[in-house]
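Please open the model in your viewer and keep the sequence panel beside it. The tour proceeds by selection, one stop after another.

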Amino acid sequence: MPRILIVEDEDIIRSAVRKLLQHAGYEVADAISVEAAEELEPDTFDLVITDLRLPGAAGTEMINRAPNTPVLIMTSYASLRSAVDSMKMGAVDYIAKPFDHDEMLAAVEGILARKDAPPASREEGVDSETEAPDPSNIMFGQCEPMEKVFTLIRKVAPTQTTVLINGESGTGKELAARALHLLSPRASKPLISVNCAAIPESLIESELFGHEKGSFTGAVSARTGLIEAAEGGSLFLDEIGELPAEAQARLLRVLQESEIRKVGATQSRKVDVRMIAATHRNLKAMTRTGEFREDLYYRLNVMQIRLPPLRERRADILGLAGRFLKQQAQKLERPDLHLSPEAMQALQRYRWPGNVRELENAIERASILADGDTITPSVLDLDSDSGDEYIPETLVEGNNESTPTREADSANDLSLEDYFQHFVIENQDRMSETELAQKLGISRKSLWERRQRLGIPRKKTTGS
């Protein structure tokens, strides 16, 4: 049984990760600081998972304290740059908060698989299903459309081909990207994930390509871009359709020439990066309106993987619901939680506009609201015109990119849509985007999407 050490000073996060890993069958110990972790002999563990920012020594110090043990860094999106720097120091991977169950377990599974694999497997790539995670272990799916997805991932992952993942919001595009990376010869190198929709347009080029000192106001030092940070590994560009025109031109050069030029630099440098892009938009239609470069589209669309919406995966609905219900039963310590036959029928009849993410949130909500151990259709509440309002939930695990739902705030008759808007407006001057997202229990991407839909302007930021 693999042994994992968690180093995290926030009680709720440390407890959530510990329970998640224990339920997955791992032996887990935890500490609140690097100094406390040292007393547990960290080099005797199979994996160390540490927060980047800790009281006392930084989490990256675990790389030195446990030189023979892989280190996974947990970080907020605001500290993504530091997480990338930590990988240069020797961390094997990073994971951004807030994360969901599948994302954390996939990261842990991938690291342990690489650690246990013989050297030839790590250098030469994947030759059998026993040497690396299979896509069916990272993404659930037993229906024919998902089997086709898994087959395509297995075929394209070992190649260097650029991949475009297309699918509606909530279908699991980031999990597909992770599967492509973990089954590739680049699995031992970084997978850098970038949400193009969540980075301000004025900063996107600097974030992706890096910049030289003094290249713009606030550039007080040179920075390595995320593309360069993915050297030898994979770069996942989520919501590629939101990339500004100038950044599209720069990205085209990366794909054509395998080289980048930092903002403010005069010289280019070669990079070795496998590109994986994803979008829920019709990029081909966007090329006709001039919103997306046609030449970039054809460079990206070498191999396309379409993730089917949940309404096309009817055979998977109950299987997915069962997995999510098991997770909630463990988290809430209610092992007898189950769905009534009528609730199962309601799940299968519903269209799931928010796809797998909406199903996960529906099961979580029903698990919390159920008075007994049986979840009924009335608790699921799928027949109402839900989908426009939001339930705030601060648990870290299982709340990635929550789909809006409708519930009444009985305390003051304030709708949850109003609650979200009120909370953001009241707190955005003193909280970062990451802190707001964490308090609301959603991802930065979901926060950005809700701002756009509700017309809540993002507060002005200074510098980079």
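The stops below go from the whole protein to one sheet, then to a helix across it and a further helix.

This is a predicted model, in which local features need pLDDT of at least 70 and side-chain atom pairs count only at pLDDT 80 or more, while totals for chains, interfaces and linings use all residues. Residues are numbered from 1 along each chain as its sequence is written, and side-chain values use heavy atoms, with hydrogens and water left out.

**The whole protein.** Begin with everything selected: the protein has 21 helices and 18 strands. Helices (H or I, at least four residues) and strands (E, at least two) are DSSP runs, numbered from the N terminus. Of the 464 residues, 54% are buried, that is, under 20% relative accessible area with a 1.4 Å probe, protein chains only. The protein exposes about 20100 Å², 46% of it supplied by carbon and sulfur atoms; these areas come from the Shrake-Rupley method with a 1.4 Å probe.

**The five-stranded sheet.** Next, select strands 7, 10, 13, 6 and 14, which in that order form an open sheet with parallel pairing. Its edge strands are strand 7 (191-195) and strand 14 (303-306), each pairing on one side only. Two strands count as paired if DSSP finds at least two bridges between them.

**Strand 10.** Now select residues 234-238. All five residues of strand 10 are buried, so the strand is largely enclosed by the rest of the structure. Ser 234, Phe 236 and Asp 238 point one way, whereas Leu 235 and Leu 237 point the other way. Strand 10 pairs with strand 7 over five bridges and with strand 13 over four. Which residue is the bridge partner of Ser 193 in strand 10? It is Phe 236, and Phe 236 also stands opposite Ile 276 in strand 13.

**Strands 13 and 6.** Move to residues 274-279 and 163-166: strand 13 and strand 6 run parallel, joined by four bridges. Here Val 163 stands opposite Ile 276.

**Helix 8.** Select residues 144-156. Helix 8 lies across strand 6, strand 13 and strand 14, at about 150° to strand 14; axes are lines fitted to C-alpha atoms, for helices over the stretch in contact (heavy atoms within 4.5 Å), and angles run from 0 to 180 degrees between N-to-C directions.

**Helix 15.** Finish with residues 317-331. Helix 15 has 15 residues and reaches 21 Å from its first C-alpha to its last. Its buried residues include Ile 317, Leu 320, Ala 321 and Phe 324. Just after helix 15, Glu 333 takes a positive phi of about 55°.

Conventions
Buried < 20%, exposed > 50% of the residue type's maximum accessible area, 1.4 Å probe, protein only. Expected span 1.5 Å × (residues − 1).
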